[in-house]
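Take a walk through this predicted model, one helix at a time. Keep the sequence at hand.

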Amino acid sequence: AALRDYTDICLIGHFRGYTYFRASAVEPGFLVLRRPKTSQTELRRHTTILLANEGAEDAAIRSLRRHSISCIPIVEREWEIFKSTPDTFGEVSWLPRSGRYLRRIQKLARLGMPTVGKLFNVRQGIRSGLKEVFLLAKADYERLPARERRYFRPAAGSPTIWDGRLEQSTFVFYPYADTGCLLRTEEEVRTQTETFYRTRLFPFKEKLQARADADPEKWWLLTRERAWQHGRRPKLVSKSFGEMGSFAYDRLGEFVVVQGYAWFWKGECNEYGKEEEEFFGSDFSLAYLAILNSPSFEAMLACFCPRVRGGQFDLSPRFVNRVFLPDLSDDLRVSSDTVQRLTQLGHRIHEGDMPAFEALDKIVAEVYGFSEADTE
């Protein structure tokens, strides 16, 4: 915000991929700033945007040099150059978007479509402080005595969400319930979880006590257990970094979100309101599961969420809260028949039967109000 106040943003570029600078861990971007000759914001110039796919970076730069005077947009198969206004770039991100995506965003804004942050409360999962201690593979969990397993719950996050479905492949030590912590003293931990205490906890006692932000007197507990996970609440969940297939539905609320985020319904845009329990007991949860795992929603993520190495999007709330998402509870905009069709697709995803992306996206694009021209 400070830079924008006293400089002109002349040029913002974005190279998709990681091969132009082979040591880079994120996609390269660049900008050119200039001190304005006048402080009057209305006289500031437009910003040039350059976007190039992997392998087309040099060709895009040459094209920019040749057409630096012209204001005519240049749209090639592998790169794009056009003008935008400085107010397109906010304080959260200066990530440049293609002209096609900008037209989508402007259309959705005109339609008054809500955002993820208006409809859902997106919460970060636990922070263990030493995951090699607290997280167990399924085989290790099953080797524990039955009475010790009650202090573990399946973990939801990057390693356990695949193709829109949760897998019980990792378990986290989570000695909490609605009433709070179940193991309040070291003696209780030693006697109630004898095997886990002997093989996992006690050998790492010094490291656990030295964790930042952890209570050294309660060294066997997670650094941040997130009290909202003490009870079992149904929720939509996502990976920390992901794309299509990175969202799932925890119908019974048995999973603890670890490396990812939990989505709880708040529906602020719905005039009549829907309680969280009512939402997750309805068709809406599965209908949203279908939307979140669609190509159209991935295109929305590309507008607001930066990519990391591997091409995945950062799904943290600071970015994902700004993504446009239809309010399915608004029956004036979304018909019950459309919700039902999405619910059927979401049910298939939840059961491990990912539908064809073309069939899924046709319905999702309809809910967003995209025409064929918008999705080309």
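Start with helix α16 and its length. At 1.5 Å a residue, its 12 residues should span 16 Å, and the end C-alpha atoms of α16 are indeed 16 Å apart, so the two values agree. The helix runs over residues 357–368. Just past α16 comes G369, with a positive phi of about 85°.

Much of the helix is hidden. L360, D361, I363, V364, A365, V367 and Y368 of α16 are buried.

Now add the partner. Helix α15 covers residues 336–350, and its axis comes within 11 Å of the α16 axis. The two axes cross at roughly 145°. The crossing is left-handed. On the α15 side, the contact is made by T338, R341, L342 and L345. They meet L360, I363, V364, E366 and V367 of α16. By class, this contact holds 6 nonpolar, 1 polar and 2 charged residues.

Next, follow Y368, in the last position of α16 by the range 357–368. Setting aside neighbours within four places in sequence, Y368 is in contact with L108, L111, M113, I291, S296, F297, M300, F324, L325 and P326.

Where does Y368 belong in the wider packing? Y368 is a member of the largest nonpolar core, which has 52 residues. It is one of those that touch the most other members, along with F120, W263, Y288, F297, L325 and L328. Helix α12, residues 284–292, gives this core its largest share, 8 residues. A second core stands separate, with 29 residues. Among them are L144, A155, F196 and Y197.

Definitions and conventions. Residues numbered from 1 in each chain as written. Predicted model: local features only at pLDDT ≥ 70, side-chain atom pairs only at ≥ 80, totals over all residues. Heavy atoms only, no water. Core = buried A, V, L, I, M, F, W, Y, C linked by side-chain atoms within 4.5 Å. Buried < 20%, exposed > 50% of the residue type's maximum accessible area, 1.4 Å probe, protein only. Helix = DSSP H or I, 4+ residues; strand = E, 2+ residues; numbered from the N terminus. Contact = heavy atoms within 4.5 Å. Axes fitted to C-alpha atoms, helices over the stretch in contact; angles between N-to-C directions. Left-handed = near helix turned anticlockwise from the far one by under 90°. Nonpolar A, V, L, I, M, F, W, Y, C, P; charged D, E, K, R; others polar. Expected span 1.5 Å × (residues − 1).
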